[in-house]
Amino acid sequence: MAIQLQQVSYTYADRSMWRQTALHGINLNIAKGSLTGIAGATGSGKSTLLQLFNGILKPTEGTVQVLDVTITAGEKSPKLLPLRRRVGLVFQFPEQQMFEDTVEKDICFGPLNFGFTLEEAKERARKAMTDMGLDLALLERNPFRLSGGQMRKAAIASVLAMDPDIVVLDEPTATLDPVSRAELIALLERLCREQGRTIIIVTHRMDELLPYADSWALLKGGELAFQGSGQELAADPAILERCGLTIPQSLRYWQAVSTRFGLGTEKPLLTAEALAERIAAVLEERKNAAGTEEMGSGHE
Ligand SMILES: Nc1ncnc2c1ncn2[C@@H]1O[C@H](COP(=O)(O)OP(=O)(O)OP(=O)(O)O)[C@@H](O)[C@H]1O
Ligand SMILES: [Mg+2]
């Protein structure tokens, strides 16, 4: 497992009158090399959960195990600096993690901090820019003069430059137009499938991630309401409504098609292409069956 949470709770300002429990008794497993989506209504604890994954926050109760590092509430923590390099966290708002006057300096900051030479850091910056589909000419630009989409990708590149095993992204597509959103999800999927990284994405738009995610975790009021595959979600989409989420369109289409054609026992199909293929196949089967029947009745 890349990440394992056992009975984890997190309370902000634990010893004050403003204490606010954001997560309660979470048991969660995230497999190495998988692509996981995390969803939940606003305030359900998604961003809090992500910050437990690289030790920015430590559990108030329970145990967080990330790679070979175990953090247990109430016990002295191991050294967390190596974990910060291996688990890259891309914040909800990219401008929160850009602070230098050129993109290159921003991306090199992490590697330099972890002891790489300037030449190595620059090489990593170039590779990370390429992985994010960004033009290397942008390295010289001021990060705050980039477009929203470019800035988002540059923020991800600055995390990739550390060569992390796990990349955790908080609503990476939130402010992007539909074309850039699809493009970014495709880039993130490549980081998972081609480079073997564990990718965890918080999203309000489950539709764009459903065809790619291996598993989903749904939060409701700080509790884990569901963990499983998109297919399992498709079998019981009402759980989404109980979490205050709308049912994604791909699941609605599957529900409608499977009810209409009596496919309820089949594995749900979550892309338009797969659904179209299945409808075409059902119509073909029916046409052939009708033809056989006609031939049969002709002989009587
Ligand atoms: N720094 C903080 N101090 C006190 N309470 C906080 C802090 N950050 C978050 N909370 C509280 O913890 C709960 C969970 O917040 P969190 O930001 O994790 O939710 P979220 O699911 O990421 O929401 P959103 O979808 O709006 O980003 C909320 O009740 C929030 O008010
Ligand atoms: Mg959040």
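Reader: In β2, which residue is the bridge partner of Ile3?
Author: Ile30. This is a predicted model, and the pairing is computed from it.

Reader: What makes β1 and β2 a pair, and in which sense do they run?
Author: At least two bridges must join two strands before they count as paired. β1 (residues 3–12) and β2 have seven. That meets the cut-off, so they are called a pair. The sense is antiparallel.

Reader: How do you know that β1 and β4 pair?
Author: By the same test, at least two bridges. Strand β4 (residues 61–66) has five with β1, in the antiparallel sense. Gln6 has Thr63 of β4 as its bridge partner. Ile3 stands opposite Val66 in β4. Ile3 also has Ile30 as its bridge partner in β2.

Reader: What joins β4 and β5?
Author: A hairpin with two residues between the strands. Leu67 lies in the turn and has a positive phi of about 50°. β5 covers residues 69–72, and its pairing with β4 is antiparallel over four bridges. Four against a minimum of two: the pair stands. Val64 is opposite Ile71 of β5.

Reader: What is the strand order of the open sheet?
Author: The order is β6-β7-β8-β3-β9-β10, six strands with mixed pairing.

Reader: Why are β6 and β10 said to stand at the edges?
Author: β6 (87–90) and β10 (223–228) each have a single partner strand, so each has one side without a neighbour in the sheet. Direction ignored, neighbouring strands here are turned by 15° against each other on average.

Reader: In which sense do β6 and β7 pair?
Author: Parallel, over four bridges, with β7 spanning residues 166–170. The cut-off of two is met. Leu89 has Val168 of β7 as its bridge partner.

Reader: Which strands does helix α5 touch as it packs on the sheet?
Author: β6 and β7. Helix α5 (residues 148–160) has a direction that makes about 165° with that of β6. Helix α6 (residues 178–193) lies across β3 (35–40), β7 and β8 (198–202). Its angle to β8 is about 150°.

Reader: Which residues are around ligand 1?
Author: Among them are Tyr12, Gln20, Gly40, Lys46 and Thr48. To be listed, a residue needs its C-beta atom, placed from the backbone, within 6 Å of the ligand. Ala13, Ala22, Thr42 and Gly45 are listed too.

Reader: Which element gives the most to the shell around ligand 1?
Author: α1, with three residues. β2 (20–30) and α1 (46–53) each supply at least two.

Reader: By class, what does the shell around ligand 1 have?
Author: Three nonpolar, eight polar and one charged residues. Gly counts as polar, so Gly40, Gly43 and Gly45 belong to the polar class.

Reader: How many of the 300 residues count as buried, as a percentage?
Author: 36% of the protein chain. A residue is called buried when 20 or more other C-beta atoms lie within 10 Å of its own.

Reader: What share of the contacts with a separation of 6 or more comes from residues 24 or more positions apart?
Author: 62% in the protein chain. In secondary structure, the chain has eleven helices and ten strands. Its C-alpha trace spans about 85 × 50 × 30 Å along the principal axes.

How values were computed. Residues are numbered from 1 along each chain as its sequence is written. Chains are lettered from A and ligands numbered from 1 in the order in which they are written. This is a predicted model: local features need pLDDT of at least 70, side-chain atom pairs count only at pLDDT 80 or more; totals for chains, interfaces and linings use all residues. Axes are lines fitted to C-alpha atoms, for helices over the stretch in contact, and angles run from 0 to 180 degrees between N-to-C directions. Two residues are in contact if their C-beta atoms, placed from the backbone, lie within 7 Å. A residue is buried if 20 or more other C-beta atoms lie within 10 Å of its own, exposed if 12 or fewer, and partly exposed in between; C-beta atoms are placed from the backbone.
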